Amino acid sequence: MHTILTVVGARPQFIKAAAINRVIREQHSRHVREVYVHTGQHYDANMSAVFFTELGLPPEDHNLGVGSGSHARQTADMLIGIERVLLEERPDLVLLYGDTNSTVAGALAASKLHIPIAHVEGGVRSHHKAYPEEVNRLICDHLSTLVFCPTEDGMTQLAKEGLHPGNQRPWSADRPGVFHCGDIMYDNSLYFAERAEATSQVLQRCGVTARPYALATIHRPHNTDHPQVLADLMRTFIALAEARDLVFVIPMHPRTLLRVEEDLEPTLRAQLREHPLLRVIPAVPFLDMVQLERHARIVLTDSGGVQKEAYFFRRPAVILLDRTPWVELTASGTAIETGADPQRIRDAFLHLLDRTDLVYPPIFGDGRAAHFICDRLLELLDERAAQR
């Protein structure tokens, strides 16, 4: 029996982990034991616990309860907790997802103990190291024994960094296996879309079952931790809603909601609560988010996951970042980067809103990325077991 230790801590990781866990349960349960470490990076119920329930994930085996804090403090606390769990569980492999502090802490802890690492969502680059996610991805990719890229662009990027595709064995951290596999977020979007349609009531709660709406999310520190930037974004949403008589549904990340309450002037806060075209709601569970994305007229977001999910459901996106790591979206013409600049947001929004000629090429695979990844994980684990 092989032991895989999976480290998760934030919404996108729960979603990605669900796709792999589903394949392990259905096809490999006699050969693989999966142990979950939840770092506690997302600790609000709607950002954490409910995801485990909705996605069918087993309860975490270890919860580090790290919570929020500076990048240094949060990562340090995770390192200590993950190392303790690794020494206790002695896994054969550590499985990591994406680009969070949970990811980089898991990579550093496993690497120091010489435990193989598999990184799902490798090769994704914004080419902007001011984003902490960029640094986390770089570190994790270059410490991993298996690197799984969701797109061809990721493969090209890793080759430029000296991590070349190929199947030369045995795989190791010095000679990793690098694979183009498609995006497991796409796997899950396909899998859960019908369930969301059948069970979610979020459209009814927001009063948008019979009218078009825009979906807007922001959570990145450079958009939320500067009061003027945050205020400008909210005023821009209001202005666009009024200009096109279009409802804006705005699920608020807990940290964003705190910044709104503490940093925005009372008049603007009152507008957010009372404006007839705004639906400011707490962060929603995954199935509700899928439903909101599927039926939105347009999406405005600084979330890497949400901008991709908009593409999966063929919805145009205004990306509230200066540089997105998902360059395929902007290259397709279905999404436009604007940063937090109000005029660029307005121009992009109006440009995309009424387009009927947008094309969404199948750049994220065929919906079977999780099966491919699990097959490669088993190959590595069986190979290492035979060498003992």
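Me: Which residues of α14 are buried?
Reply: Keep in mind that this is a predicted model: local features need pLDDT of at least 70, side-chain atom pairs count only at pLDDT 80 or more, and totals for chains, interfaces and linings use all residues. Residues are numbered from 1 along each chain as its sequence is written, and side-chain values use heavy atoms, leaving out hydrogens and water. Helices here are DSSP runs of H or I with at least four residues, strands are E runs of at least two, both numbered from the N terminus, and buried means under 20% relative accessible area, exposed over 50%, partly exposed in between, with a 1.4 Å probe and protein chains only. On that basis the buried residues of α14 are Gly304, Gly305, Val306, Gln307, Lys308, Glu309, Ala310, Tyr311 and Phe312.

Me: Why is α14 described as largely enclosed by the rest of the structure?
Reply: Helix α14 covers residues 304-312. It counts as largely enclosed because of how many of its residues are buried: 9 of the 9.

Me: Which residue caps the N-terminal end of α14?
Reply: Look for a side-chain oxygen that lies 3.2 Å from the backbone nitrogen of Gly305. At the other end, α14 is followed by Arg314, with a positive phi near 60°. The residue that supplies the capping oxygen is Ser303.

Me: Which strands stand at the edges of the 6-strand sheet?
Reply: This open sheet has parallel pairing and the order β10-β9-β8-β11-β12-β13; two strands pair if DSSP finds at least two bridges between them. The twist from one strand to the next averages 15°. An edge strand has a single partner, so one side of it is left without a neighbour in the sheet. That description fits β10 (278-282) and β13 (335-337).

Me: Which residue in β12 stands opposite Thr301?
Reply: Strand β11 (residues 298-301) and strand β12 (residues 317-319) run parallel, joined by 3 bridges. Opposite Thr301 in β12 you'll find Ile319.

Me: What is the angle between α7 and α13, and how are they described?
Reply: Helix α7 (residues 184-199) packs against helix α13 (residues 286-295) with the axes 9 Å apart, at about 95°. Axes are lines fitted to C-alpha atoms, for helices over the stretch in contact, and angles run from 0 to 180 degrees between N-to-C directions. Under 35 degrees counts as roughly parallel, over 145 as roughly antiparallel, 65 to 115 as roughly perpendicular and the rest as oblique. The two helices, at about 95°, are therefore roughly perpendicular.

Me: How do the residues of the α7 and α13 contact divide by type?
Reply: From α7 the contact (heavy atoms within 4.5 Å) includes Phe192 and Arg195, and from α13 it includes Leu287 and Arg294. Ala, Val, Leu, Ile, Met, Phe, Trp, Tyr, Cys and Pro count as nonpolar, Asp, Glu, Lys and Arg as charged, and the others, Gly among them, as polar. The split is 6 nonpolar, 3 polar and 4 charged.

Me: Which strands are the edges of the 7-strand sheet?
Reply: The order in this open sheet is β3-β2-β1-β4-β5-β6-β7, with parallel pairing. Edge strands pair on one side only, and here they are β3 (62-63) and β7 (177-180).

Me: Which residue joins its side chain to Thr3 by a polar contact?
Reply: Thr3 is in strand β1 (residues 2-8) and is buried at a relative accessible area of 10%. Beyond neighbours within four places in sequence, Thr3 is in contact with Arg33, Val35, Pro91, Asp92 and Leu93. A polar contact is a pair of N or O atoms within 3.5 Å; within protein, one must be able to donate a hydrogen and the other to accept it, and residues adjacent in sequence count only if both atoms are side-chain atoms. At 3.5 Å, the side-chain partner of Thr3 is Arg33.

Me: Which residues of β6 are buried?
Reply: Strand β6 (residues 146-149) is covered on both faces. Its partner β5 pairs with it in the parallel sense over 3 bridges, and His119 stands opposite Val147. The buried residues are Leu146 and Phe148 on one side, and on the other Val147 and Cys149.

Me: Is His114 buried or exposed?
Reply: His114 lies in the loop between α4 and β5, and has a positive phi of about 60° although it is not a glycine. Most residues other than glycine have a negative phi. With 69% relative accessibility, His114 counts as exposed.
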